[in-house]
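Let's take a walk through a protein fold, one piece at a time. Have the picture open while you read.

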Amino acid sequence: MAEKISFTLNQKAVVVEVDPEMMVLDVLREVLNLTGTKHGCDNSTCGTCTIVVNGKAVKSCNLPVKKVAGAEIITVEGLAHGTDLHPVQKSISESGAIQCGFCTPGIVMELVGLLESNPDASQVELENALNKHLCRCTGYEPIRDGAVMAQKLIRDRK
């Protein structure tokens with residue numbers, strides 16, 4: 001049975017009428033037509049579905065929409081302002097970490113969740129965050145380089 005569920009999405013109030021057990025990933029992609037958040041493994045392993053909920057990076061493929069009622073959600077679509085990219089987007093791009101691009105939104109959102117709340121994250125914290133994501137294309141070094149570059153940009157901005 002469908003219910004109305006309200007939350008803030010990319011700084012805009014949203015109300016969806018859906019089955020409260022529907023996964024946030026499916027609501028984003030199928031109901032709200034935001035396809036930047038990717039559909040990968042369905043078991044919180046690959047990280048392609050990562051979004052930021054109330055300032056924390058979370059996997060959306062196993063998160064029922066009823067659990068985000070009243071929450072503030074940010075997806076990759078909510079990061080850039082026109083052509084002004086978020087520091088994480090800019091750094092991941094400039095480091096060469098974007099190849100096929102499938103895993104990129106999840107990695108970006110993981111780093112946004114970490115670095116916006118903790119711009120002084122340790123190397124271990126950065127590695128732990130990145131270890132939550134699978135990527136077949138880059139070999140991970142460019143992703144690590146982009147994470148460090150993003151951290152510097154975010155520190156300099158604050």
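Which residues are buried in α1? They are V24, L25, D26, V27 and L28, where buried means under 20% relative accessible area with a 1.4 Å probe, counting protein chains only.

## Before we go on

This is a predicted model, in which local features need pLDDT of at least 70, side-chain atom pairs count only at pLDDT 80 or more, and totals for chains, interfaces and linings use all residues. Residues are numbered from 1 along each chain as its sequence is written, and side-chain values use heavy atoms, leaving out hydrogens and water.

Helices (H or I, at least four residues) and strands (E, at least two) are DSSP runs, numbered from the N terminus.

## The sheet

Now for the strands. An open sheet of 5 strands has the order β2-β1-β5-β3-β4, with mixed pairing; two strands pair if DSSP finds at least two bridges between them. At the edges sit β2 (12–18) and β4 (56–59), each pairing on one side only. On average, neighbouring strands are turned by 40° against each other, direction ignored.

Take β1 and β2: they run antiparallel and are joined by 7 bridges. They form a hairpin with 2 residues between them, and N10 in the turn has a positive phi of about 50°. L9 has K12 as its bridge partner in β2, and I73 as its bridge partner in β5. The β1 and β5 strands run parallel, with 2 bridges joining them. Over at β3 (residues 50–53), 4 bridges lead to β4, and this pair is antiparallel. One of the partnerships there is I51 with V58 of β4.

## Helices on the sheet

Back to α1 (residues 24–31): this helix packs on the sheet, touching β1 (3–9), β2 and β3. Contact means heavy atoms within 4.5 Å. Those same strands, β1, β2 and β3, are included in what covers the buried residues of α1. Just after α1, N33 takes a positive phi of about 60°.

Meanwhile, α3 lies across β3, β4 and β5 (72–74).

## Where two helices meet

The axes of α2 (residues 87–94) and α3 (residues 104–117) come within 9 Å and cross at roughly 130°. Axes are lines fitted to C-alpha atoms, for helices over the stretch in contact, and angles run from 0 to 180 degrees between N-to-C directions.

Which residues make the contact? From α2 come V88, Q89 and I92, and from α3 come T104, I107, V108, L111, V112 and L115.

Note on methods. Buried means under 20% relative accessible area, exposed over 50%, partly exposed in between (1.4 Å probe, protein chains only).
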